[in-house]
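I opened this structure to go through a few points in turn and wrote down each one as I found it.

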Amino acid sequence: MYLTHLECPRCGDTHDADRPQNLCTCGSPLLARYDLAKVGQAVRPEEFTRRSADLWRYRELLPVADDRYVTTLGEGWTPLLPAPRYGESIGLPNLLVKDEGLVPTGSFKARGAAVGVSRAAELGITHVAMPTNGNAGAAWATYAARAGLRATVAMPLGAPTITRRECVAANAELHLIDGLISDAGRYVGKLIAASGGSPGGEIFDASTLKEPYRLEGKKTMGYEIVEQLGWRVPDVILYPTGGGVGLIGIHKALQEMRELGWIGDTLPRLVAVQSTGCAPIVRAFGAGATRAEPWADAWTVAFGINVPAPLGDELMLTALRDTAGTAIAVDDEAILADLHEFGAREGLLLCPEGAACLTAARRLRAGGWIRPDERVVVLNTGAGLKYPETVDVDSLPVVDA
Ligand SMILES: *Cc1c(COP(=O)(O)O)cnc(C)c1O
Ligand SMILES: [Zn+2]
């Protein structure tokens, strides 16, 4: 394993990666650091093509030492699909959709859960807990069961009901919360405190960015996009941003690949896509702020991005500025219209979060921020099948056969 330590991006402190860790003493999330010089000697990019079609192909850049702890259901290496018909219709013939709907548990959260649970098991953690907007809880419950860990999940009532069922099916301890993910977070905090606190006590706090390895799983989307394009970067990547783990992870992957010399200096412009019903990062980016203020009365049909006070705000804003990217909010009506338009033209039923990125791409093209010849990657972060209510069939007539 090439993992050397954990580093605080805010105060620069380093932390021991060989024992369970949560936040830095300054309150910032921690980032996993590797001996990239040694990684560069151990593996060449061409070698990955001969490896398994899952995220573990990037083994040297992942934080698990012993293969016995690798907990997998075949996650990763999802298709990067051209979308020429829809793309032409919005003036972006080089539009690509990375379909994370094909990942186990039907969302890219499985990437974070696979790596996070594997590392937790390796560090001797036996019980994880987290708040979730649905998909993360479902994924962590699933991978925890596979690794033989206990999982406690707190989820708002508004989360997609299938994600509740996934938690129950995997025998997680599920708590339904009449509130938002931030309320679920406070509730989990109390449970953990009562069990001796984290990381020292009985239950480990695996909340978004409060543990450093979920990010490592999600960063593999960045490696895959670049490998699938022949070790070239696209011009723009649009990401539906809630907690921001995928955005921060893709940025981290790009920085690692640049340091490894696997890509050049120019990074793709990263775009944080949010809903007009919950857009703390868009507001902070527009104001030139380094931190985001909590969003009041958050609501959107794209439930995975309904995160009013993300812990990774600083890191997200850094990722956007560092790549000359931007942040944009789109409304629910437009999201659903683009979801239907895309399905009709390309056949793939997107999740609303993925559809939000299409709306954003369309608007950024219309405003000139994206040029017509640019290669644009949109992340479809989950399977449309998890959100059946986005397609209305109640008004269909029943024929008399
Ligand atoms: C969690 C989630 C998101 C947001 O992901 P972050 O990395 O937390 O910003 C987007 N889409 C779906 C389907 C999700 O489940
Ligand atoms: Zn710090």
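These entries cover a metal site, the domains, one strand residue and the salt bridges.

**Entry 1: basis.** I note at the start that this is a predicted model.

**Entry 2: zinc site.** I looked up which residues hold the zinc ion (ligand 2). Its donors are the SG atoms of Cys8, Cys11, Cys24 and Cys26, at 2.2 to 2.3 Å. Along the chain I read the spacing of these donors as C-x2-C-x12-C-x1-C. I then asked where cysteine 11 and cysteine 26 lie. Cysteine 11 is in the loop between strand E1 (3-7) and strand E2 (14-15), and cysteine 26 is in the loop between E2 and strand E3 (31-34), so the pair ties together parts that are 15 residues apart in sequence. For the geometry, I found that the four donor atoms subtend angles of 102 to 118° around the zinc ion (ligand 2), so the arrangement is tetrahedral. I also checked accessibility: cysteine 11 is partly exposed at 41% relative accessibility, and cysteine 26 is partly exposed at 32%.

**Entry 3: domains.** The domain assignment splits the chain into domain 1 (3-69 + 108-205) and domain 2 (80-102 + 219-390). I have their C-alpha centres 22 Å apart. On the domain 1 side 35 residues take part in the contact, and on the domain 2 side 28 residues do. How much area do domain 1 and domain 2 bury between them? I get about 2900 Å², with 62% of it on carbon and sulfur atoms. Within domain 1, the residues that lose the most area to domain 2 are Tyr58, Phe108 and Arg111, which together make up 24% of what that side buries. I also find five salt bridges across the interface of domain 1 and domain 2.

**Entry 4: threonine 326.** This residue sits in strand E12 (residues 326-330). Is threonine 326 buried or exposed? Its relative accessible area is 13%, and buried means under 20%, so I enter threonine 326 as buried. I listed its contacts, leaving aside neighbours within four places in sequence. They are Leu270, Val271, Ala272, Phe285, Leu320, Leu364 and Trp369.

**Entry 5: salt bridges.** I count 27 salt bridges in the structure. I took several in turn.

- Arginine 57 pairs with glutamate 227, with the closest N and O atoms 2.8 Å apart.
- Arginine 19 and aspartate 16 form a salt bridge at 3.9 Å, N to O. Arginine 19 is partly exposed at 46%, and aspartate 16 is partly exposed at 36%.
- Aspartate 183 bridges to arginine 186, with 2.6 Å between the closest N and O atoms. These two are three residues apart in helix H6 (residues 181-194), so about one helical turn separates aspartate 183 from arginine 186. Aspartate 183 is partly exposed at 29%, whereas arginine 186 has a relative accessible area of 53% and is exposed.
- Glutamate 341 and arginine 345 meet at 2.7 Å, N to O. Both are in helix H11 (residues 332-346), four residues apart, which is about one turn of the helix. I have glutamate 341 as partly exposed at 34% and arginine 345 as partly exposed at 34%.

I close with a network of salt bridges that links Arg10, Arg291, Asp313 and Glu314.

Technical notes: Residues are numbered from 1 along each chain as its sequence is written. Chains are lettered from A and ligands numbered from 1 in the order in which they are written. This is a predicted model: local features need pLDDT of at least 70, side-chain atom pairs count only at pLDDT 80 or more; totals for chains, interfaces and linings use all residues. Side-chain values use heavy atoms; hydrogens and water are left out. Donors are N, O and S atoms within 2.8 Å of the metal (3.2 Å for Na, K and Ca); water is not among the atoms, so sites may look incomplete. Four donors count as tetrahedral if all angles lie between 85 and 135 degrees; four count as square planar and six as octahedral if opposite donors are over 155 degrees apart and all others between 65 and 115; anything else is irregular. Buried means under 20% relative accessible area, exposed over 50%, partly exposed in between (1.4 Å probe, protein chains only). Domain bounds come from an automatic or database domain assignment. Contact means heavy atoms within 4.5 Å. Buried area is the accessible area (1.4 Å probe) that two parts lose on being put together, summed over both. A salt bridge is a side-chain nitrogen of Lys or Arg within 4 Å of a carboxyl oxygen of Asp or Glu.
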